[in-house]
Amino acid sequence: MHTVSTLERARCGLRAHPLAADAALAAGVLACMAAGSFAAPQGHHGLTWSIRTPAVLSLVLMLAGAAALVFRRRAPRTVLAVTGTVSLVECVTGDPRAPVAMSAVIALFTVAATTDRSTTWRLGLLTMTVLTAAAMLAGPLPWYAQENLGVLAWTGIGATAGDAVRSRRAVVQAIRDRAERAERTREEEARRRVAEERLRIARDLHDVVAHHIALVNVQAGVAAHVMDKRPDQAKEALAHVREASRSALDELRATVGLLRQSGDPEAPTEPAPGLSRLEELADTFRSAGLPVSVARADQGTELPAAVDLAAYRIVQEALTNVRKHAGPEAGAEVSVVRVGPNVEVTVLDDGPGTPDGPEAGRAFGDGGGHGLLGMRERVTALGGTLTTGPRYGGGFRVHAILPVKTTTAQGEPV
């Protein structure tokens, strides 16, 4: 197991550094060529070997062929041309001949493994023909010598082996592509089914709300109409209202529960925050080191739940960004004022800003967050307006105008 893991780590290292792997291969090929050039067969059948001294030209050609193999993946055809040329020179001049053609075989294998089959056929036949013809016709050995036939055999083996490797890689890649497409298809189908199911649940939710709210509206109208003259009938209508609302809540809870994921948190049991908790919010920032002053002139104003929550979140987001971006010496002022049919929420700070602050992108979310965008979406959804920007003399200003009475899509007050 230890040997297998060592081999796997070595294989991964070679894949991560292809140039180093090619350099190691070139060194190995050079060693094999050198060993072949210093050993010479003896006897009629070549069963014994002796030491010989290769020619200086043969050594230079071996070094050139091995050096070219270092770049075999970057420029396979150029490397094949270089190794083929040095092999051709050795086939013509070598006596005895050194195995320089080994470098051309490796280069031809690389070309076959990295190109298409037609290119392999063309370059392979050209290499085999030129080297074999040169060895047979211009070399020092007789044309029928085994070494000449060996040049033909080894170049053919290099081309064939490279083409086989290329075909295997293509098959493996095709299998992986099919598996990835199948996986994407399954994921898309699953998402489509989830979207369809959620759409169905949304329609059911709409039907539940529309039915029960219509029933509650009718029964409440009846109760209001007969409250003074027939209190018993009004009590019965109110009982129907209570039953319909309970039924609506039960069905809503069951329907919305289908939309929850397994890891979703439980629904909060406390009411959503609003401006009634503004001082509590300011205290949390004061305890964090940010001086915050709060001024309110909206006494007696009852805000819809959505407006109340939006105003609270705008102040919370603005103070958070003052704490983050306005600088350590900054202070903040919060004001909530009722102006006619609107309530205006303003947050000011006097901070000079930090390098990631307002003038350098401290648009409270323009840099890396979505603070301003979230504020704007909240205000726009309620039919209000939001203005933000640097203050004259330093600091930043966030000003939101929220309608006290929100409207539905049809323009009816809520």
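Where does UniProt place the feature "transmembrane region" in this protein? The record, an unreviewed entry, gives residues 49-71 and 123-145. Before I go further, please keep in mind that the model on the screen is predicted.

Let me begin with the overall composition. The protein has 414 residues, and 33% of them count as buried. Its secondary structure comprises 11 helices and seven strands. The accessible surface comes to about 25300 Å², with carbon and sulfur atoms contributing 61% of that area. As for contacts, if we take those with a separation of 6 or more, 63% are between residues 24 or more positions apart.

I return now to the annotated segments. In the second transmembrane region, residues 123-145, the chain is 65% helix and 0% strand. The C-alpha atoms at the two ends of that segment are 24 Å apart. The same unreviewed UniProt entry type also supplies a "coiled-coil region", listed at residues 172-199. There the model is 100% helix and 0% strand, and the end C-alpha atoms are 40 Å apart.

Within that coiled-coil annotation we may look at one pair of side chains. Glu183 and Arg186 meet in a salt bridge, at 2.4 Å from N to O. Both belong to helix 7, which covers residues 146-226, and because they are three residues apart they are separated by about one helical turn. Glu183 counts as partly exposed, since its relative accessibility is 36%.

Next, the nonpolar cores. The largest has 35 residues, and those with the most contacts inside it are Val292, Val315, Leu319 and Val398. The elements giving two or more residues to this core are helix 9 (278-287), helix 10 (305-325), strand 4 (332-339), strand 5 (342-349), helix 11 (371-381) and strand 7 (396-403). Helix 10 gives the most, with nine residues. Apart from this core lies another, of 18 residues, and Met33, Met62, Val100 and Val111 are among them.

Val339 and Ser58 merit a closer look. Val339 is found in strand 4, and at 40% relative accessibility it counts as partly exposed. Along the chain Val339 and Val404 are 65 residues apart, yet their C-alpha atoms are separated by 9.6 Å.

Ser58 is found in helix 3. Is Ser58 buried or exposed? Its relative accessibility is 4%, so Ser58 counts as buried. Leaving aside neighbours within four places in sequence, Ser58 is in contact with Glu90, Ala98 and Val100. Of these contacts, Val100 has already been mentioned as a member of the 18-residue core.

I turn to the charged side chains. A search of the whole structure finds nine salt bridges. One of them joins Asp22 and Arg72, at 3.0 Å from N to O. Why does this pair tie together parts that are 50 residues apart in sequence? Asp22 lies in helix 2 (residues 18-38), whereas Arg72 lies in the loop between helix 3 (56-69) and helix 4 (76-93), so the bridge connects those two parts. Both Asp22 and Arg72 are buried.

A further salt bridge is formed by Glu280 with Arg277, the closest N and O atoms being 3.6 Å apart. Here Glu280 is partly exposed, with a relative accessible area of 46%. Arg277 is partly exposed as well, with a relative accessible area of 28%. Salt bridges that share partners also join Asp22, Arg72 and Arg73 into one network.

Finally, the cysteines. How many disulfides does the count come to? The count comes to zero. Two cysteines illustrate the surroundings: Cys32 is partly exposed, with a relative accessible area of 45%, whereas Cys91 is buried, with a relative accessible area of 2%.

To close, I would recall three points. The predicted model has a largest nonpolar core of 35 residues, to which helix 10 gives the most. The annotated coiled-coil region, residues 172-199, is 100% helix. Lastly, the buried pair Asp22 and Arg72 forms a salt bridge and shares a network with Arg73.

Definitions and conventions: Residues numbered from 1 in each chain as written. Predicted model: local features only at pLDDT ≥ 70, side-chain atom pairs only at ≥ 80, totals over all residues. Heavy atoms only, no water. UniProt positions renumbered as here; feature names shortened; annotations may be inferred. Helix = DSSP H or I, 4+ residues; strand = E, 2+ residues; numbered from the N terminus. Core = buried A, V, L, I, M, F, W, Y, C linked by side-chain atoms within 4.5 Å. Buried < 20%, exposed > 50% of the residue type's maximum accessible area, 1.4 Å probe, protein only. Contact = heavy atoms within 4.5 Å. Areas by Shrake-Rupley, 256 points an atom, 1.4 Å probe, with all protein chains shown as cover. Salt bridge = Lys/Arg side-chain N within 4 Å of Asp/Glu carboxyl O. Disulfide = S-S within 2.5 Å.
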